[in-house]
Amino acid sequence: MNSKLLSFVLAGALVLCASPALASGTTGATAWVSSNHIQVIDIDNGSVVGRLPLREFIHEMQFSGTGDRLYVGTSQALRVVDPEQMAFTAVLSARRTKAVAVSNDGDQVFAIHPGDPDLSQQARKAGTPLPLATLTHYSTETMSENRSWQVPAMSFDVAISPAGDRVFVLDPTAGQVQIYSPTGDLLDKVTVAPPDANGRPQQAMLGWMAVSPDGQSMVVPVTVATGAVLARVDLSSSP
């Protein structure tokens with residue numbers, strides 16, 4: 001259903017990059033930057049004020065709304081950091097974690113866990129479909145899994161509406177945003193790849209989603225052969 005796709009805005013120069021997680025400490029703002037470890041940088045003077053070693057590739061980091069927890073999705077697990085202690089304090093899942101989203105109230109965490117790497121490699125060699133990924137809903141109160149459901153194999157980004165009533169998953173293969181309820185019901189699919197001259201979605205590289213603070217719209221960076229655009233999606237009439 002594409003009626004929610006309002007516009008494509010031309011982007012003169014679009015750089016797709018991993019954004020550092022941000023937090024405000026007692027001594028000023030800091031940026032938390034990751035690769036296979038975490039560095040905390042004082043934004044005012046650029047100095048490194050903390051390091052947290054981790055021999056795993058970090059795909060994404062997301063703070064809770066109050067900043068008292070940092071959720072880290074890695075090549076090995078979904079981990080929890082206490083920013084004050086600068087220490088890993090829990091493992092929510094021992095599965096590879098491609099993307100993480102935290103609700104505004106901090107009560108819900110959603111994470112995308114890719115399919116089994118061995119089965120994925122076998123599928124690539126055989127030219128067969130990749131095993132599906134899993135989207136898992138965690139409770140931060142019990143620090144445990146509530147429910148899981150399957151999502152497209154190459155899904156790499158997840159977001160939550162400000163009200164916590166919708167979950168958005170980016171499917172780059174189909175050029176779509178899939179919209180779910182927090183209990184796993186598929187509510188809608190919105191194609192964000194711009195159409196070609198014949199009205200069919202173009203082959204496109206998608207960037208990370210951004211939902212507006214009021215939850216009424218989202219933008220998705222899209223790069224096609226002719227250039228880069230920002231796809232704006234109207235969420236005001238979403239189920």
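**Exercise 1. In this predicted model, find which residue stands opposite Ile160, then describe the hairpin around that pair.**

Solution.
Step 1. Look across from Ile160: Val167 in S15 stands opposite.
Step 2. Check how the strands run. S14 and S15 (residues 167-171) pair in the antiparallel sense, over four bridges.
Step 3. Follow the chain from one strand to the other. Six residues lie between S14 and S15, and the two strands form a hairpin.
Step 4. Inspect the turn. Gly164 sits there with a positive phi of about 75°.
Step 5. Sort the side chains of S14 (residues 157-160). Asp157 and Ala159 point one way. Val158 and Ile160 point the other way. All four of these residues are buried.

**Exercise 2. Decide whether His137 is buried or exposed, and list the polar contacts of its side chain.**

Solution.
Step 1. Place the residue. His137 belongs to strand S12 (residues 133-139).
Step 2. Apply the cut-off: buried means under 20% relative accessible area. His137 has 5% relative accessibility, so His137 counts as buried.
Step 3. Find the polar partners. The side chain of Gln108 makes a polar contact of 3.0 Å with that of His137. The side chain of Arg147 makes another with the His137 side chain, at 2.6 Å.
Step 4. Widen the search beyond four places in sequence. His137 is then in contact with residues including Val109, Phe110, Ser144 and Pro182.

**Exercise 3. Identify what caps the N-terminal end of helix H1, and what follows the helix.**

Solution.
Step 1. Start at the N-terminal end of H1 (residues 117-126). Asp116 is the cap.
Step 2. Check the distance. A side-chain oxygen of Asp116 lies 3.0 Å from the backbone nitrogen of Asp118.
Step 3. Go to the other side. Gly127 follows H1, with a positive phi near 70°.

Terms used: Residues are numbered from 1 along each chain as its sequence is written. This is a predicted model: local features need pLDDT of at least 70, side-chain atom pairs count only at pLDDT 80 or more; totals for chains, interfaces and linings use all residues. Side-chain values use heavy atoms; hydrogens and water are left out. Buried means under 20% relative accessible area, exposed over 50%, partly exposed in between (1.4 Å probe, protein chains only). A polar contact is a pair of N or O atoms within 3.5 Å; within protein, one must be able to donate a hydrogen and the other to accept it, and residues adjacent in sequence count only if both atoms are side-chain atoms. Contact means heavy atoms within 4.5 Å. Two strands pair if DSSP finds at least two bridges between them.
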